Every structure is written in structure tokens, then in C-alpha cells.
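Trainee: I would like to learn how to read side-chain features in a protein model. Could we go through one together?

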Amino acid sequence: MPVIDQSLLSQDSRENVPAPRLPKASSGPGVRPILIKPIPKFPEVILYDQLDNPGTISWVSQEFPDMPDFTAFLADDFVVPGGQSWQVTEVHAQGAYFNGPGPANNFNVFFYQDSGGLPGTNVSTRTAQPYVDSGGVFEVFLTVPVTLAPGTYWVSVQAHMIFDPNGQWGWTERTVQANSPAAWQNPAGGFGVCPTWDVRTTCLGASAATDQMFRLIGTAGPPPTPTATPRSRPTPRTLPTPLPRP
């Protein structure tokens, strides 16, 4: 006999009383939206773009102040090409509210180094960042830009929002995969899977859409020139003045 997750039902049929409303892992299948992509303001440019080919499901990536056991992180990777240095000023992520009306208070953004196809060492954290919802594209503005040297990185976009009564925010999947598939974690274990980073489809179930919808905005230039460390000079020795020979 299959096991039914009562938390996903609106009513407990055994006792005919409302079941407790709990966070869900995803929004469930929806309709692919028609996106109007925001245009960067000069001198900023599009540094990286995965804001295309949207899927139909949005997967939870949220800090729950009132239910911290369910706080979850979703991340996707990108590459800073060799010979460049990026100053990231905005992160745009397509998403949706579900299990409640929203809105989010603000967003957290994390950048990680790549570690074997999953997020590794955290290289930058920006919490409580302001945002604008432009028709389902959540434009998050970094109050302090993030500088990235050439290499492979992961970005995690996470809504900060109470579950009761606002509900959940999910990051929309992308049907075309670039680099490694998206990764997910739920450190405190409320969802019962993936307390550490693992592939999203491994954590939350198979999906043909294995990436996330996002775009990075900012400026690009050459890598910073290493600063030469001045070498200390040895202190000259003072030799004694020779005495005149008799």
C-alpha cells in the first residue's frame, strides 16, 4: 500500500479536520511563461545568461524564519572565462510564489567555488538584498558587487520569507542544461533529504529540466594585476673603522 504524505493534503480525511500546512519541495507543474527580459543599464552588461527555455516547475529555495528546519538552498553553475574578471552587480532569477501569495521580504545570494560538479567553498555571501519582481523575473540587486576571477562558480538565489501566511518561493527550472546540473540542499532536514549539496534531481525527484533560470549582470574586465610584494633590504652592516697602523 503506498504511503501518502498527509502534509500535502488540504484535509485529514481520517479525522475530518484540516491537516497542518507544511512547505513543499516544488510548485507542481505549471504553464511556461512568456518572459520579457530586463535590459541592463550602461555600463553594465549581461555577463552570463540562462534566462531562456523555462520549464514548468519551480523548486523551493527559501530561508524560512518561522520554520528554519525547512530552509533550503538551490544553486546552479557558470563559468567566468579565462582572461576576464567579473564584477557582478545583479542576479536575475525567474521564480514563482506557491503555497501562499508572497511576497518575499528580500533575497540572499551566495557564490561558491566548484567542487567536482557541486558547490564547494563559499566565496561570497550577500544577505537581505533588495529586489524587483518584473513579471516573474526577480531582479536581485547586490548592495556590494561580487568580484570573480576566471573559473567555475555556483550561484544560489534564496528568498527570505515567512511560511505563514506568505507561503513559498521557488526558482524555476530550465529545460536546457549548461555545465553541471543544478544542486540542492536542506541542512536542517525538514524535507528529510539532502542535508548537504547533491544534484537537485537526486534530492527531489527526476525531472527532464535539470538547470535553473538565471542571469548575471555587471561589468567585465581583465583579471586584476597581482600586486608585487616589496622585498625587504638587509640592514647594512657597519664595519669598525680600522685603526692606523703603527
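Mentor: Let's begin with a charge and a ring; keep in mind that this is a predicted model. The charged end of Arg21 lies over the ring of Phe163, 4.3 Å from the centre of that ring.

Trainee: And when two rings meet, how do I describe the pair?

Mentor: A pair of aromatic rings is described by how far apart the centres are and by the angle of the planes. In this structure, a search of the whole model finds 20 aromatic pairs. One of the pairs joins Phe107 and Tyr131, with 4.9 Å from centre to centre and 70° between the planes.

Trainee: What do we call the arrangement of Phe107 and Tyr131?

Mentor: That pair is edge-to-face, because planes over 60 degrees apart count as such. The pair links distant parts of the chain: Phe107 belongs to strand S6 (residues 106–114) and Tyr131 to strand S8 (residues 131–134), 24 residues apart.

Trainee: Are Phe107 and Tyr131 buried or exposed?

Mentor: Both Phe107 and Tyr131 are buried. Here is another pair to practise on: Phe138 and Trp169 are edge-to-face, with centres 5.5 Å apart and 80° between the planes. This pair also links distant parts of the chain, with Phe138 in strand S9 (residues 137–148) and Trp169 in strand S11 (residues 168–174), 31 residues apart. Phe138 and Trp169 are buried too.

Trainee: Which residues do ring pairs link into a cluster?

Mentor: The cluster is made of Tyr48, Phe78, Trp86, Phe111, Tyr153, Trp171 and Phe214.

Trainee: Now for the core. Which residues have the most contacts inside the largest nonpolar core?

Mentor: Those are Phe78, Val88 and Phe111, in a core of 44 residues. Leaving aside neighbours within four places in sequence, Phe78 is in contact with several residues, including Tyr48, Trp86, Phe111, Leu148, Trp154 and Leu216. Apart from the largest core lies another one, of 7 residues, among them Phe73, Phe110, Ala183 and Trp197.

Trainee: My last topic is disulfides. How many does a search of the whole structure find?

Mentor: The search finds 1 disulfide. Cys194 and Cys203 form it, and their sulfur atoms are 2.0 Å apart. Both cysteines, Cys194 and Cys203, are buried.

Trainee: Why is the disulfide of Cys194 and Cys203 called left-handed?

Mentor: Look at the torsion about the S-S bond: for Cys194 and Cys203 the value is about -100°, so the disulfide is left-handed.

Conventions: Residues numbered from 1 in each chain as written. Heavy atoms only, no water. Core = buried A, V, L, I, M, F, W, Y, C linked by side-chain atoms within 4.5 Å. Buried < 20%, exposed > 50% of the residue type's maximum accessible area, 1.4 Å probe, protein only. Contact = heavy atoms within 4.5 Å. Phe/Tyr/Trp six-rings, centres within 6.5 Å; stacked < 30°, edge-to-face > 60°. Helix = DSSP H or I, 4+ residues; strand = E, 2+ residues; numbered from the N terminus. Lys NZ or Arg CZ within 6 Å of the ring centre and 35° of its normal. Disulfide = S-S within 2.5 Å.
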